[in-house]
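Please find below some notes on the strand pairing and on one helix residue. They are meant to be read with the model open.

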Amino acid sequence: MNRRFALKATALAAVAALATACAPMMDDGDDIVDIAASNDDFSTLVAAVTAAGLVETLKGDGPFTVFAPTNDAFAKLPAGTVESLLEPENRDQLVSILTYHVVPGAVTSDQLAGKRLNVTTVQGGTVHVDGRNGVKVNDANVTAADIMATNGVIHVIDTVLLP
């Protein structure tokens with residue numbers, strides 16, 4: 001049950017991160033999901049979080065750090081991948097991918113500056129974060145950092161992370 005919660009929290013955090021990155025001047029009361037849902041650049045992420053059943057988790061207290069892929073990041077996946085992941089029979093795989101984008105706690109870019117770290121995600125896997133020249137997470141570039149939500153922080157990324 002804890003792993004399912006963690007996966008749900010990760011996916012929701014990813015959605016919130018995307019929305020926050022595109023709308024950095026949101027009200028102080030917006031959570032990760034609210035921020036993501038308010039920005040069209042995160043419509044794919046929001047659809048995925050909803051299909052995975054992670055909305056309530058990502059609206060939870062957190063704090064979460066979400067590496068949120070934009071619609072353009074999802075578009076880089078092979079044709080048909082997103083549609084397939086949104087099918088009910090692929091929910092577990094979708095949850096795994098989304099929660100791989102979420103890290104427990106609120107980590108800002110200044111805490112990553114100049115560092116190289118391996119960080120455990122809510123999904124249970126590890127991502128490599130390189131903050132020496134900007135911030136990279138595995139092969140994804142952080143294109144907008146430190147979008148603050150009431151329950152964490154969102155960093156927008158240009159590539160979907162795959163466990």
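1. Two strands count as paired if DSSP finds at least two bridges between them. The model discussed here is predicted. Strand β6 (residues 140–149) and strand β7 (residues 152–157) meet this with five bridges and pair in the antiparallel sense.

2. Within that pairing, Ala144 has Val156 in β7 as its bridge partner. The two strands β6 and β7 make a hairpin, with two residues between them.

3. On β5 (residues 136–137), two bridges lead to β6, and the two strands run antiparallel. Val137 is the bridge partner of Ala140 in β6. The hairpin of β5 and β6 has two residues between the strands, and Asn138 takes a positive phi near 50° there.

4. β5 is also joined by two bridges to strand β4 (residues 126–130), again in an antiparallel arrangement. Here Asp130 stands opposite Lys136 of β5.

5. How do these strands fit into the sheet, and in what order? The sheet is open and has seven strands, in the order β2-β1-β7-β6-β5-β4-β3, with mixed pairing. Its edge strands are β2 (102–104) and β3 (116–120), each of which pairs on one side only.

6. A separate point concerns Thr99, which lies in helix α7 (residues 91–99). Is Thr99 buried or exposed? Thr99 counts as buried because its relative accessibility is 0%, and the cut-off for buried is under 20%. The Thr99 side chain reaches the backbone oxygen of Ser96 at 3.3 Å.

Definitions and conventions:
Residues are numbered from 1 along each chain as its sequence is written. This is a predicted model: local features need pLDDT of at least 70, side-chain atom pairs count only at pLDDT 80 or more; totals for chains, interfaces and linings use all residues. Side-chain values use heavy atoms; hydrogens and water are left out. Helices (H or I, at least four residues) and strands (E, at least two) are DSSP runs, numbered from the N terminus. Buried means under 20% relative accessible area, exposed over 50%, partly exposed in between (1.4 Å probe, protein chains only). A polar contact is a pair of N or O atoms within 3.5 Å; within protein, one must be able to donate a hydrogen and the other to accept it, and residues adjacent in sequence count only if both atoms are side-chain atoms.
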